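User: Here's a structure I'd like to get a feel for before I plan anything at the bench. Walk me through it with short questions and answers, please.

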Amino acid sequence: MNIAKTAAASAVAASLLGATVAFASPASALSWHCTTSSKSIDDAGYSGPWADNWDFKVTNCAARSGSYVYAKSTIRWDAPAYYSGATATFDGAKFRTYIKRSATGTVLRYATYDVENRLEHSDSYGNGSWTTPTISYRVGSSRAYGDGALKLDWHSDGAGFRNYGFTGSPGA
């Protein structure tokens with residue numbers, strides 16, 4: 001009798017385990033298609049003698065699952081080390097991740113994230129990175145791609161937010 005109960009319990013456990021695996025989140029099993037691009041961006045609020053360019057690398061990614069397209073971005077930055085912990089560099093800093101229609105570039109969905117604190121609290125060398133949450137949009141059979149842009153409001157430059165675009169992902 002104990003063998004029969006053990007076998008039944010094992011079958012139930014295997015069945016539940018299989019159901020759990022089958023219902024894993026779609027974003028975890030996606031095949032991502034990504035493009036990385038770079039920009040060296042001058043601190044528009046500083047005109048002194050020291051180096052003040054921030055080097056950004058942004059990787060924009062898209063993936064498809066059925067009729068949905070997913071997008072996410074990873075931002076990496078390298079600023080001069082003396083910017084680390086300097087909380088007066090930006091009056092605002094945001095990153096926007098997009099899902100766009102491939103053919104027209106029409107924005108289907110976007111999400112905007114505040115990144116000012118992340119940028120101003122880089123490691124002691126002025127470096128850092130961050131990956132956005134994943135966004136999704138139902139596109140049916142149409143192709144779409146992921147894209148992203150930095151929106152920086154440099155402290156004391158008087159120009160407000162400046163937009164710095166990066167290269168979008170391949171279509172999904």
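**Around the loop serine and beyond**

User: Which side chain makes a polar contact with the side chain of Ser156?
Analyst: A polar contact here is a pair of N or O atoms within 3.5 Å; within protein, one must be able to donate a hydrogen and the other to accept it, and residues adjacent in sequence count only if both atoms are side-chain atoms. The side chain of Ser156 has such a contact at 3.2 Å, and its partner is the side chain of His155.

User: Before going on, what kind of model is this?
Analyst: Residues are numbered from 1 along each chain as its sequence is written, and side-chain values use heavy atoms, with hydrogens and water left out. Local features need pLDDT of at least 70, side-chain atom pairs count only at pLDDT 80 or more, and totals for chains, interfaces and linings use all residues, since the model is predicted.

User: Is Ser156 buried or exposed?
Analyst: Ser156 sits in the loop between S8 and S9; strands are DSSP runs (E, at least two residues; helices would be H or I, at least four), numbered from the N terminus. Buried means under 20% relative accessible area, exposed over 50%, and partly exposed in between, with a 1.4 Å probe and protein chains only. Ser156 comes out at 55% relative accessibility, so it counts as exposed.

User: What is the phi of Ser156, roughly?
Analyst: Ser156 isn't a glycine, yet its phi is positive. The value is about 70 degrees.

User: Which residues does Ser156 touch, leaving out those up to four places away in sequence?
Analyst: Contact means heavy atoms within 4.5 Å. Thr89 is 67 residues away along the chain, with 8.7 Å between its C-alpha and that of Ser156. As for touching, the partners of Ser156 are Gly45 and Asp91.

User: What is the strand order in the open sheet of four strands?
Analyst: Two strands pair if DSSP finds at least two bridges between them, and the pairing in this sheet is antiparallel. S8 (residues 144-154) and S9, for instance, pair over four bridges, with Leu150 opposite Tyr164 in S9. The order is S5-S4-S8-S9.

User: Which strands stand at the edges of that sheet?
Analyst: Look for strands with a single partner, because one side of each is then left without a neighbour in the sheet. That picks out S5 (107-114) and S9 (162-165).

User: How far are neighbouring strands of this sheet turned against each other on average?
Analyst: Axes are lines fitted to C-alpha atoms (for helices, over the stretch in contact), and angles run from 0 to 180 degrees between N-to-C directions. With direction ignored, the average turn is 25 degrees.

User: Which residue meets Lys100 in a salt bridge?
Analyst: A salt bridge is a side-chain nitrogen of Lys or Arg within 4 Å of a carboxyl oxygen of Asp or Glu, and the count comes to two. Lys100 is in strand S4 (residues 90-101) and its partner in S8, 47 residues apart. Lys100 is buried at 15% relative accessibility, and its partner is buried at 9%. The N to O distance is 3.1 Å, and that partner is Asp147.

User: How close are the N and O atoms in the salt bridge of Arg162 with Asp157?
Analyst: Arg162 is partly exposed at 32% relative accessibility, whereas Asp157 is buried at 18%. Their closest N and O atoms are apart by 3.0 Å.

User: Which cysteine forms a disulfide with Cys34?
Analyst: A disulfide is a pair of cysteine sulfur atoms within 2.5 Å, and the count is one. Cys34 lies in S1 (residues 33-42) and its partner in S2 (residues 53-65), so the pair ties together parts 27 residues apart in sequence. Cys34 is partly exposed at 39%, while the partner is buried at 6%. The sulfurs are 2.1 Å apart, and the partner is Cys61.

User: How many bridges join S2 to S3?
Analyst: S1 and S2 run antiparallel with ten bridges, Ser37 standing opposite Val58 in S2. S2 and S3 (residues 68-78) also run antiparallel, and Asp55 stands opposite Asp78 in S3. The number of bridges joining S2 to S3 is eleven.
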